[in-house]
Amino acid sequence: MRVMIDTNVIISALMFPASKPADVLVCVAEEHELILCDYIVSEVEEKIAQKRPDLVSAVKVLFESMLYRCVPSTTFSGHVISDPKDQPILNASLKGDVDVMVTGDKHFKKLNLERPQVMSPAEFLDTFR
């Protein structure tokens, strides 16, 4: 299954290694095909540098060692999300033919998309672990 993990889940996984977001990251990396976009990678790097500069090297190691497919974020005229900062991620999930989007962001839930299915970390773990 192709799974995209949103920025907020990756950041939570890095900051709280014994958390559900961390469990999601491990589960997806081991059992599914992880799909990210260039926007997510950049956003994680920027936010970690601001919030937890001590984790910058861990982020680099994570992205260098983790197996994932990177889909470019593109302009797309289909579905529009209410938060413009989320639009590149939505576009990439659609372009990347993602089955599940794991996010804590309520803007994605409001879209009521059939595909990708939008799940919180807890919902994902309850369903696929």
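Throughout this tour, two residues touch when heavy atoms of one lie within 4.5 Å of heavy atoms of the other. The model you have open is a predicted one, and residues are numbered from 1 along the chain.

**Stop 1: T103**

Select T103 and show its surroundings. Leaving aside residues up to four places away in sequence, T103 touches D6, N8, V9, F108, V118, M119, S120 and P121. T103 itself sits in the loop between β4 (100-102) and α6 (106-109). Is T103 buried or exposed? With a relative accessible area of 4%, T103 falls under the 20% cut-off, so T103 is buried. Now display the side chain of T103 and look towards D105: the T103 side chain reaches the backbone nitrogen of D105 at 2.9 Å.

**Stop 2: H107**

Keep D105 on screen and add H107, which lies in helix α6. Its side chain makes a polar contact with the side chain of D105, at 2.8 Å. H107 is partly exposed, at 26% relative accessibility. Which residues does H107 touch, not counting those up to four places away in sequence? They are I81, S82, D83 and D86. For a distance exercise, pick the C-alpha atoms of H107 and T75: these residues are 32 apart in sequence and 18 Å apart in space.

**Stop 3: the loop after α6**

Move on to the loop between α6 and β5 (117-119), where you will find P116. The peptide bond joining R115 and P116 is cis, with omega at about 0°. N112 is in the loop between α6 and β5 as well. N112 is not a glycine, yet its phi is positive, at about 50°. Both features deserve a look, because most residues other than glycine have a negative phi, and most peptide bonds are trans. Switch on the surface and N112 shows up as exposed, with 68% relative accessibility.

**Stop 4: α5 and D97**

Next, select α5 (87-95). How many of the nine residues of α5 are buried? Seven are, so this helix is mostly covered. To colour them, pick Q87, P88, I89, L90, N91, A92 and S93. Then step just past the end of α5 to D97, where phi is positive at about 55°. D97 belongs to the loop between α5 and β4, and with 40% relative accessibility D97 is partly exposed.

**Stop 5: R69**

Now jump to strand β3 (residues 69-71), where R69 is placed. R69 is partly exposed, at 40% relative accessibility. Leaving out residues up to four places away in sequence, R69 touches R2, E33, L34, I35, L36 and G96. Draw a distance from the C-alpha atom of R69 to that of L36: the two residues are 33 apart along the chain, and the atoms are separated by 6.2 Å.

**Stop 6: α3 against α1**

Hide the side chains for a moment and show helix α1 (residues 7-15) with helix α3 (residues 38-51). How do their axes cross? They come within 9 Å and cross at roughly 45°, so α1 and α3 are oblique to each other. The crossing is right-handed. Bring the side chains back to see who meets whom: from α1, select T7, I10, I11, L14 and M15, and from α3, select I40, E43, V44, K47 and I48. Sorted by class, this contact has seven nonpolar, one polar and two charged residues. As you turn the helices, remember that an α-helix has 3.6 residues a turn, so residues three or four places apart point the same way.

**Stop 7: α3 against α4**

Leave α3 on screen and swap α1 for helix α4 (residues 56-65). The axes of α3 and α4 come within 9 Å and cross at roughly 160°. That angle is over 145°, which means that α3 runs roughly antiparallel to α4. This crossing is right-handed. On the α3 side, select V41, V44, E45, I48 and A49; on the α4 side, select V56, V59 and F63. By class, the contact has seven nonpolar residues, no polar ones and one charged.

To finish, put α1 back on screen and highlight V44 and I48 of α3. These residues are among those that meet α1, and they are also among those that meet α4.

Key
Predicted model: local features only at pLDDT ≥ 70, side-chain atom pairs only at ≥ 80, totals over all residues. Heavy atoms only, no water. Axes fitted to C-alpha atoms, helices over the stretch in contact; angles between N-to-C directions. Helix = DSSP H or I, 4+ residues; strand = E, 2+ residues; numbered from the N terminus. Parallel < 35°, antiparallel > 145°, perpendicular 65-115°, else oblique. Left-handed = near helix turned anticlockwise from the far one by under 90°. Nonpolar A, V, L, I, M, F, W, Y, C, P; charged D, E, K, R; others polar. Buried < 20%, exposed > 50% of the residue type's maximum accessible area, 1.4 Å probe, protein only. Polar contact = N/O pair within 3.5 Å; in protein donor to acceptor, adjacent residues only side chain to side chain.
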